[in-house]
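Student: I am new to this structure and would like a close look at a single helix and what surrounds it. Please take one part and work outwards from there.

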2 protein chains.
Amino acid sequence: MKPQRMGILYPGAMGISIAASAQNNGHQVYWASEGRSSATRERAAKFGLHDTGTLAALSAECSIVVSVCPPHAAEDVANKVLTCGFNGIFVDANAISPERTIRIGQMMAEAGVSFVDGGIIGEPAWKPNTTCLYLAGLRAADIAACFSAGPLATQVLGATIGKASALKMCFAAYTKGTVALLSAILATAESLGVRDALLQQWKHDDPNFAENVYKRVRAVTAKAWRFSGEMEEISSTFRDAGLPGEFHAAAAIIYRRLAQFKDSGTPPPIEEVLGALLQTVNVSSR
Amino acid sequence: MKPQRMGILYPGAMGISIAASAQNNGHQVYWASEGRSSATRERAAKFGLHDTGTLAALSAECSIVVSVCPPHAAEDVANKVLTCGFNGIFVDANAISPERTIRIGQMMAEAGVSFVDGGIIGEPAWKPNTTCLYLAGLRAADIAACFSAGPLATQVLGATIGKASALKMCFAAYTKGTVALLSAILATAESLGVRDALLQQWKHDDPNFAENVYKRVRAVTAKAWRFSGEMEEISSTFRDAGLPGEFHAAAAIIYRRLAQFKDSGTPPPIEEVLGALLQTVNVSSR
């Protein structure tokens, strides 16, 4: 695809890697600094993103806008871009339910904006073959073409809006759902005085399992604040599909209890994590 | 421990292996055939268990009674044994919540029966070092001594009733909870038309994962009918500990939808499993 002006809302840890992949493909990347944190400003400056200041200026400047934000903010971001009179291709790459994606897409279509449903699987895209942006919609192939030189991989799932979001939901349902489940299990075992016995049994069955559980549970705490919204989107996705939404309703509770560890540099000791998970009990039993 | 007369209620796939381990330690094993299936009768006969006919006769004959039954039946079995005037050591080895275990234990103590809390982790105990009967209670060591020659392993978790059940709940929360979660994910992906894409992404991350998921989901169907009760016990255990009970409330729903595959010899094809999981949707959309 010939060089485009692409807006990235907002260049967080994932968004900046997508911006870098777009630049690697010869596109110019813009962002809107109004109201953003100094950490985001520094990140955007470091990668040479063009700052339009306001969302209105970005919406006027760019032919493509990619939304990469916490799930709870996705619909609001889409609405704001529409309000600014944007009329290019809007890519929602957020971890939101197919239903919500379809709703945003309809709103965009009614306003004459081309809508592409996106779902990112993997860590921030700095290495080839690690991170895939799944895409669905009539203009999905145009967006895929923007990233053909990598390192972000893309895959088009067809024209039906919702499929990329559905895949993201189903994938994260296991990865993030499992870590939430393990967190709840450790906290329950701690509360009932059988944590050591559980670890011993796990070690008996698989020498590395217990240690990996601790690592995974500790490592997830820094991102937990935004995983709770994602779990609610997955819960809603499951319910819409006729399956029980309770797994991820529970996962959302777990991640909310861990939200206090937002942006903590080093993972907290497991005892601190368990303390946070059991906080409701501690408070009520005082 | 010197040879005892031990009653096993009821010798199913797991119970018969515990009976065999007791026999291997020189104990005489009894059971009560009244009202049991022909499959159970054949199993008990094959292993030379003594049939007392009624529960009353078994309760009079045995110094130790071990309850190994589906979780929903555990409290009823304990009550019936008490009603028969049993006055030895009663071991509840079922997958029930610590709260329910404690309640049964108190009832037993009030009637002068020694109560031991048990939790079995592993498949039926035919090989050494594969299956452990965890035990808690004042007489836990006496029960462990009954199995010292194996192949059933035992481990005493102390005198506090509820610890063996707690460990069993926390352990099964992961193993059975995860298979239920994977079942729900596959059915959701199927319903949303992204099952193949999900399998491809899973295979990208781990070549064996997708195939193992199918195997685990298909293999669990034959036992699903009794796992739903176990998931409800785990849900209740989590709630009592101050953690969300919804993970396993959802797992109970999943296993109830799979109950139709009870005792199916060969695991059903994945399409049949998904059909059963999506049955509510299919019915309501007809």
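Tutor: Take helix H9 of chain A, residues 209-220, in what is a predicted model. The helix has 12 residues, and at 1.5 Å a residue these should span 16 Å. The end C-alpha atoms of H9 are 16 Å apart, which agrees with that expectation.

Next, consider which residues of H9(A) are hidden. A:Phe209, A:Ala210, A:Val213, A:Tyr214, A:Val217 and A:Val220 are buried. They cover an arc of only 145 degrees around the axis, so they sit on the same side of H9(A). The cover over these buried residues includes H7, H8 (195-205), H10, H11 (246-257) and H12 (270-277) of chain A, and also H7 of chain B.

Two of those covering helices, H7 and H10 of chain A, are also joined to each other by a pair of charged side chains. A:Lys176 and A:Glu230 form a salt bridge, with 2.8 Å from N to O. A:Lys176 belongs to H7 (residues 163-191) and A:Glu230 to H10 (residues 224-240), so the salt bridge ties together parts that are 54 residues apart in sequence. Both of these residues, A:Lys176 and A:Glu230, are buried.

Chain B has a salt bridge between B:Glu230 and B:Lys176, whose closest N and O atoms are 2.8 Å apart. Here B:Glu230 lies in H10 of chain B and B:Lys176 in H7 of chain B, so this pair too links parts 54 residues apart in sequence. B:Glu230 has a relative accessibility of 3% and counts as buried. B:Lys176 is buried as well, at 15%.

H10 of chain B holds another partner in a salt bridge. The side chains of B:Arg100 and B:Glu233 meet at 2.9 Å, N to O. B:Arg100 is in H5 (residues 98-110) and B:Glu233 is in H10 (residues 224-240), and the two are 133 residues apart. B:Glu233 is buried, with a relative accessible area of 7%, whereas B:Arg100 is partly exposed at 24%. In chain A, salt bridges that share partners join A:Glu75, A:Arg100, A:Arg103 and A:Glu233 into one network. Over all chains, the count of salt bridges comes to 22.

A:Arg100 also serves as a reference point for a charged residue that has no such partner. A:Asp92, in strand S5 (residues 89-92) of chain A, is buried yet has no salt bridge. The nearest side chain of opposite charge to A:Asp92 is A:Arg100, 8.3 Å away, while a salt bridge requires the nitrogen and oxygen to be within 4 Å. Apart from neighbours within four places in sequence, A:Asp92 is in contact with A:Ser67, A:Ala74, A:Ile104, A:Phe115, A:Val116, A:Asp117 and A:Gly118.

It remains to place the two chains relative to each other, since H7 of chain B is part of the cover over H9(A). A turn of 180 degrees, with a shift of 0.0 Å along the axis, lays chain B on chain A with an RMSD of 0.0 Å. The two copies are therefore related as by a two-fold rotation axis. In chain B, the C-alpha nearest that axis belongs to B:Phe247, at 2.1 Å. Of the interface residues of chain B, 100% are also interface residues in chain A, so the copies meet through the same surface.

Methods
Residues are numbered from 1 along each chain as its sequence is written. Chains are lettered from A and ligands numbered from 1 in the order in which they are written. This is a predicted model: local features need pLDDT of at least 70, side-chain atom pairs count only at pLDDT 80 or more; totals for chains, interfaces and linings use all residues. Side-chain values use heavy atoms; hydrogens and water are left out. Helices (H or I, at least four residues) and strands (E, at least two) are DSSP runs, numbered from the N terminus. Buried means under 20% relative accessible area, exposed over 50%, partly exposed in between (1.4 Å probe, protein chains only). Copies are superposed by least squares on the C-alpha atoms of residues with pLDDT of at least 70 in both. Contact means heavy atoms within 4.5 Å. The expected span of a helix is 1.5 Å times one less than its number of residues. The arc is that of the directions from the helix axis to the C-beta atoms. Lys and Arg count as positive and Asp and Glu as negative; His and the chain ends are not counted.
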